[in-house]
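Have the sequence and the 3D view side by side, and try each exercise yourself before reading its solution.

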Amino acid sequence: MPSWTAPLDAVAAQRGHLFLWVPVAFGLGIGWYFGVKAEPDLALYGSFAGLAVLCAGLARWGNEAVAPSFVALAVVLCGFCWAGLRANSVAEPVLGWRYYGPVEGRIVKIDRSQSDKVRLTLDRVVLSRVSPERTPDRVRMSLHGEQGFITPEPGLTVILTGHLSPPSGPVEPGGFDFQRMAWFAGIGAVGYTRTPVLALEPAEDGQAGLGIYRLRRAVSAYVIEAVGGEPGAVAAAIVTGDRSAMSQETLDALRASNLAHLLAISGLHMGLLTAFVFALVRTGLAMVPGLALSWPIKKMAAVVALVAGAAYLAMSGGNVATERAFIMVGVVFLAVLLGRRALTLRAVALAAMIVLLLRPEALFGPGFQMSFAATTALIVVFRALRDFERVRVPKWARPVLAVVISSAVAGAATAPFSALHFNQISHYGLLANVTTVPLMGVLVMPAAVLAFCLAPLGLDWIGFWGMEIGLRWILFVADWVAGLDGALGHIWTPVPLVLPVLTLGLLWICLWRGPLRWAGVAPVAAAFVLWAQTERPAALIDESGALIGVMTEAGRDLNKAKGQGFAARSWLENDGDGAEQASAYDRAGLEQEAKRSLARIGSVPVLHVAGKTAAAALEGCGGADVLVLSVPAERAFSCEVYDPVRLRDTGALALYPLEDGLRIVTARERSGSRLWNTSEIRRREMDIGLAWLQ
């Protein structure tokens with residue numbers, strides 16, 4: 001009969017490989033912190049820290065069979081506390097009301113919004129009649145209307161008249177939480193201006209951090225001009241991470257063909273760049289007999305390649321994927337310097353741990369999940385193929401086979417996460433990757449390095465010419481694949497439980513040693529079953545009260561053909577619906593007339609009323625049990641009412657039919673009361689407490 005200690009013995013048998021589970025346990029702690037519904041207090045952090053120390057002690061001086069379990073629990077608790085420390089350490093004021101008036105600030109970032117408008121991130125913000133302690137540290141402004149009076153550049157202090165509001169919550173309960181993202185980015189307000197942006201003070205020389213950003217912008221402009229056209233815009237994205245010059249059509253084609261990863265400066269780019277520099281330097285040194293015989297040229301080349309990778313990291317803006325890639329190549333070249341085997345799962349685990357220590361919130365980003373999924377899967381598969389010696393492959397076919405296998409494995413590993421985050425699947429992604437990725441390695445990246453090496457001699461055009469040839473082919477393949485029938489599929493967003501169950505199952509298959517690893521198939525299968533059975537809300541209402549969408553057999557019917565575009569687009573994407581907002585308008589799910597939209601969710605009538613005039617003309621509740629107003633209610637109603645004032649507290653709504661009524665789920669109910677969505681409330685409570693003490 002199996003002993004009760006069998007699970008502990010199975011874990012003990014994994015000794016030597018348990019370090020791979022450290023970032024997994026740490027990530028579980030981070031996920032636990034972000035998943036709780038109320039912000040932990042100091043007493044809880046203290047209790048968890050004490051319990052972690054106790055577990056570490058029991059692991060050190062207790063039974064060896066249970067030691068790994070105590071270590072795992074300690075790491076989970078540390079992950080929880082570390083995430084809480086990070087969330088509190090980035091705390092900055094968040095605007096608690098809508099603001100219109102003068103805005104002054106220094107430009108620290110320039111990018112484009114989803115509507116392709118130029119967008120400025122400002123720090124050193126000054127708002128009229130707002131005290132410094134209540135003024136957000138950073139704000140983000142989209143530029144509308146007639147501009148052109150200045151050329152935005154990092155470090156320039158500007159002044160404008162704009163609209164600002166607090167970062168908005170999820171567009172539906174359980175959806176993407178922009179408030180949380182803005183909190184960790186230090187953005188305390190977002191808005192727009194329709195008036196010209198004016199320069200107030202010129203950029204100062206030697207400003208910390210902005211010098212690299214200005215250099216990055218200058219290099220981007222230099223590459224765009226040197227290569228020219230759309231290939232130049234893509235080249236700038238590859239070299240500096242700046243996508244602002246790319247057209248929306250190119251982005252859509254790359255996404256539909258599963259080639260958008262070529263724009264993300266991640267493992268592929270960092271690996272190709274550093275590998276080329278390493279090979280180039282090592283070959284050059286080997287051609288000098290005195291150096292080759294007397295000096296460790298392999299280690300010297302590793303140091304140069306590492307420096308090149310660090311420069312690429314700084315130039316690219318240092319996002320999560322690039323950080324992960326640099327950490328990975330850093331570990332690889334450190335192994336070269338120490339004479340160890342370079343690319344292992346331990347290196348991946350170490351890289352994951354470093355990224356999570358630097359930015360715990362990165363755990364939930366698609367960049368982190370997809371880059372580590374691809375890297376882990378590739379190492380596991382190629383390790384298995386290395387040990388499988390039954391099939392002999394001719395030498396000439398090995399590079400081709402390696403590319404095909406790499407593309408297939410990376411695509412399969414990232415596909416679930418891509419579908420979960422972006423609600424789309426590229427059906428011909430393997431074809432597009434096999435015909436383009438090799439060109440990145442043999443032509444585009446080497447040509448980029450060559451261009452910058454030859455720039456002092458005025459011969460950079462040689463490298464840029466090679467880049468242009470390679471990128472034109474990649475863009476041709478992207479357009480061709482994206483134009484194939486059925487190239488892009490759409491899929492609905494699953495319940496939140498799917499992601500952790502799926503991830504843990506896949507990690508179990510990849511990291512566990514022995515036949516028991518196939519037990520991970522069960523949670524993976526369970527995750528896909530849960531995904532398939534996900535029920536989308538019968539109706540959705542955005543937090544402004546202006547937009548309502550009701551599910552029909554033809555898809556979600558929206559009450560507006562335009563306006564509230566971000567919420568509308570997000571709802572349709574989460575439904576797995578590739579339609580545009582205008583196409584989703586008037587799908588016969590809503591009974592619409594004179595700014596009134598009536599929906600029947602099961603047996604419950606829900607009435608949406610837009611505008612003051614329509615709300616004032618309403619008799620009673622208009623025959624509805626639930627009334628949604630796009631303007632604040634000016635009188636009492638006998639039914640359940642959601643107006644902008646109430647929706648500001650509840651957030652967006654999801655409605656589900658019940659046999660005997662209606663279930664209403666709020667975004668706040670799903671998100672809980674956390675730092676990023678209650679900071680202004682906490683500040684007001686603190687002010688009241690201080691006033692009472694005084």
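The exercises below walk through a predicted model, one region at a time.

**Exercise 1. Find the strands that pair with β3, and say how each pair runs.**

Step 1: Begin with β2 (118–127) and β3 (138–143). These two strands run antiparallel and are joined by five bridges. Within this pair, L122 has V139 as its bridge partner in β3.

Step 2: Now turn to strand β5 (residues 187–193), which runs parallel to β3 and is joined to it by six bridges. Here V139 is bridged to A189 in β5.

Step 3: Check how covered β3 is. Five of its six residues are buried, so the strand is mostly covered.

**Exercise 2. Which residues that are not glycine have a positive phi of about 60°?**

Step 1: Recall the background: most residues other than glycine have a negative phi.

Step 2: Look in the loop between β2 and β3, where R129 is found. R129 is not a glycine, yet its phi is positive, at about 60°. Its relative accessibility is 78%, so R129 counts as exposed.

Step 3: Go on to the loop between β12 and β13 (596–601), the place of K595. K595 also has a positive phi of about 60° without being a glycine. At 60% relative accessibility, K595 counts as exposed.

**Exercise 3. Work out how α8 and α18 lie against each other.**

Step 1: Locate helix α8 at residues 248–256 and helix α18 at residues 460–482. Their axes are 8 Å apart and the packing angle is about 70°.

Step 2: Interpret the angle. Since 65 to 115 degrees counts as roughly perpendicular, α8 is roughly perpendicular to α18.

Step 3: List who meets whom. From α8 come T250, A253, L254 and A256, and from α18 come L475, A478, D479 and A482. The contact is made up of six nonpolar residues, one polar and one charged.

**Exercise 4. Which strands stand at the edges of the sheet β12-β13-β14-β15-β16?**

Step 1: Follow the order given in the task: this is an open sheet of five strands with mixed pairing.

Step 2: Look at the two ends. β12 (591–593) and β16 (640–642) each have a single partner strand, so one side of each is left without a neighbour in the sheet. The twist from one strand to the next averages 15°.

Step 3: Pick one pair inside the sheet. Strand β14 (residues 604–609) pairs with strand β15 (residues 626–629) in the parallel sense, over four bridges. In that pair, V606 has V626 of β15 as its bridge partner.

**Exercise 5. Describe the sheet β11-β10-β9-β17-β18 and find the helix packed on it.**

Step 1: Read the pairing. This open sheet of five strands is antiparallel. Its edge strands, β11 (555–558) and β18 (661–666), pair on one side only. Ignoring direction, neighbouring strands are turned by 25° against each other on average.

Step 2: Zoom in on strand β9 (residues 539–541) and strand β17 (residues 653–658), which run antiparallel and are joined by three bridges. A539 is bridged to L655 in β17.

Step 3: Add the helix. Helix α21 (residues 565–574) packs on the sheet, where it touches β9, β10 (548–552) and β11. The direction of α21 makes about 165° with that of β11.

**Exercise 6. Is Q581 buried or exposed, and what is it in contact with?**

Step 1: Find Q581 in helix α22 (residues 581–584).

Step 2: Apply the cut-off: buried means under 20% relative accessible area. Q581 has 13% relative accessibility, so it counts as buried.

Step 3: Set aside its neighbours within four places in sequence. Q581 is then in contact with L558, K560, A561, K562, G563, G565, A568 and L572.

**Exercise 7. Find the contacts of W32 beyond its neighbours within four places in sequence.**

Step 1: Go to helix α2 (residues 22–35), where W32 is found. At 38% relative accessibility, W32 counts as partly exposed.

Step 2: Leaving those neighbours aside, the contacts of W32 are F48, V76, L77 and F80.

Step 3: Take L77 as an example. W32 and L77 are 45 residues apart in sequence, while their C-alpha atoms are 9.2 Å apart in space.

Note on methods
Residues numbered from 1 in each chain as written. Predicted model: local features only at pLDDT ≥ 70, side-chain atom pairs only at ≥ 80, totals over all residues. Heavy atoms only, no water. Axes fitted to C-alpha atoms, helices over the stretch in contact; angles between N-to-C directions. Parallel < 35°, antiparallel > 145°, perpendicular 65-115°, else oblique. Contact = heavy atoms within 4.5 Å. Nonpolar A, V, L, I, M, F, W, Y, C, P; charged D, E, K, R; others polar. Pairing = 2+ DSSP bridges. Buried < 20%, exposed > 50% of the residue type's maximum accessible area, 1.4 Å probe, protein only.
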